[in-house]
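Student: Pick one part of this model and take a close look at it. Then follow its contacts outward into the rest of the chain.

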Amino acid sequence: GAFVADSTVAELKAKRPELYVQQTLLDPFCGRGIIDPGYGKRRFGVAADYAQQYLNTDDPVPNTNEPLPNCVVYDVTSIRPESIFGH
């Protein structure tokens with residue numbers, strides 16, 4: 001979902017720069033295959049006027065556990081229900 005959201009924001013801002021666009025990323029997968037695992041960290045949130053990331057740092061999925069520098073980050077790890085991921 002993050003790749004689609006990010007591409008949509010970039011395209012929208014390119015065509016309608018006067019629009020204020022907020023981007024919300026929910027524990028986004030940031031790798032672009034094995035070729036570019038840091039893609040999202042460099043790109044996600046760049047085109048938005050305001051970008052926010054909801055982050056879960058102990059997710060077993062790779063490339064989802066680091067804050068994105070172009071986003072306001074909300075770490076929600078500590079509020080996850082114990083029944084998820086065996087906790």
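Tutor: Burial terms come before anything else: a residue is buried when its relative accessible area is under 20%, exposed when it is over 50%, and partly exposed in between, with a 1.4 Å probe and protein chains only. Helices (H or I, at least four residues) and strands (E, at least two) are DSSP runs, numbered from the N terminus. The model is predicted, so local features need pLDDT of at least 70 and side-chain atom pairs count only at pLDDT 80 or more, while totals for chains, interfaces and linings use all residues. Residues are numbered from 1 along each chain as its sequence is written, and side-chain values use heavy atoms, with hydrogens and water left out.

The part chosen is helix H1, and the chain around it sets the scene. The chain holds 2 helices and 3 strands, in the order α-β-α-β-β along the sequence. Its C-alpha trace spans about 45 × 30 × 20 Å along the principal axes. Of its 87 residues, 31% count as buried.

Helix H1 covers residues 2-15, which makes 14 residues. The expected span of a helix is 1.5 Å times one less than its number of residues. For H1 that gives 20 Å, and the end C-alpha atoms are 20 Å apart, so the two agree.

Within H1, the buried residues are Ala-2, Asp-6, Val-9 and Lys-13. Viewed down the helix axis, the buried residues of H1 fall within an arc of 60 degrees (taken from the directions from the helix axis to the C-beta atoms), so they line one face of the helix. The spacing has a general background: an α-helix has 3.6 residues a turn, so residues three or four places apart point the same way. Exposed residues Val-4, Ala-14 and Lys-15 sit on the face of H1 turned away from the buried side.

What does the buried side of H1 pack against? The buried residues of H1 pack against strand E1 (22-26) and helix H2 (39-43), where contact means heavy atoms within 4.5 Å.

On the strand side, Gln-23 belongs to E1 and is buried at 2% relative accessibility. The side chain of Gln-23 makes a polar contact with the side chain of Asp-6, at 3.3 Å. A polar contact is a pair of N or O atoms within 3.5 Å; within protein, one must be able to donate a hydrogen and the other to accept it, and residues adjacent in sequence count only if both atoms are side-chain atoms. Leaving aside neighbours within four places in sequence, the contacts of Gln-23 include Ala-5, Asp-6 and Val-9, and also Tyr-50, Ala-51 and Gln-52.

That leads to Gln-52, placed in strand E2 and buried, with a relative accessible area of 9%. The side chain of Gln-52 makes a polar contact of 2.8 Å with the side chain of Thr-24. Outside its neighbours within four places in sequence, Gln-52 touches Gln-22, Gln-23, Thr-24, Leu-25, Cys-71, Val-72 and Tyr-74.

The aromatic rings give another way outward from the helix. Rings of Phe, Tyr and Trp (its six-membered ring) pair if their centres lie within 6.5 Å; planes under 30 degrees apart count as stacked, over 60 as edge-to-face and the rest as tilted. The chain has 4 such pairs. Tyr-39 and Phe-44 make an edge-to-face pair, 6.1 Å centre to centre with 85 degrees between the planes. Tyr-39 is buried at 16% relative accessibility, and Phe-44 is buried at 0%.

Tyr-54 and Tyr-74 have ring centres 5.1 Å apart and planes at 25 degrees, so this pair is stacked. Tyr-54 lies in strand E2 (residues 50-55) and Tyr-74 in strand E3 (residues 72-75), so the pair ties together parts 20 residues apart in sequence. Tyr-54 is partly exposed at 30%, and Tyr-74 is partly exposed at 34%.

Phe-3 joins Tyr-39 and Phe-44 in one aromatic cluster. Arg-32 lies over the face of Tyr-39, 4.6 Å from the ring centre; the criterion is NZ of Lys or CZ of Arg within 6 Å of the ring centre and within 35 degrees of the ring normal.
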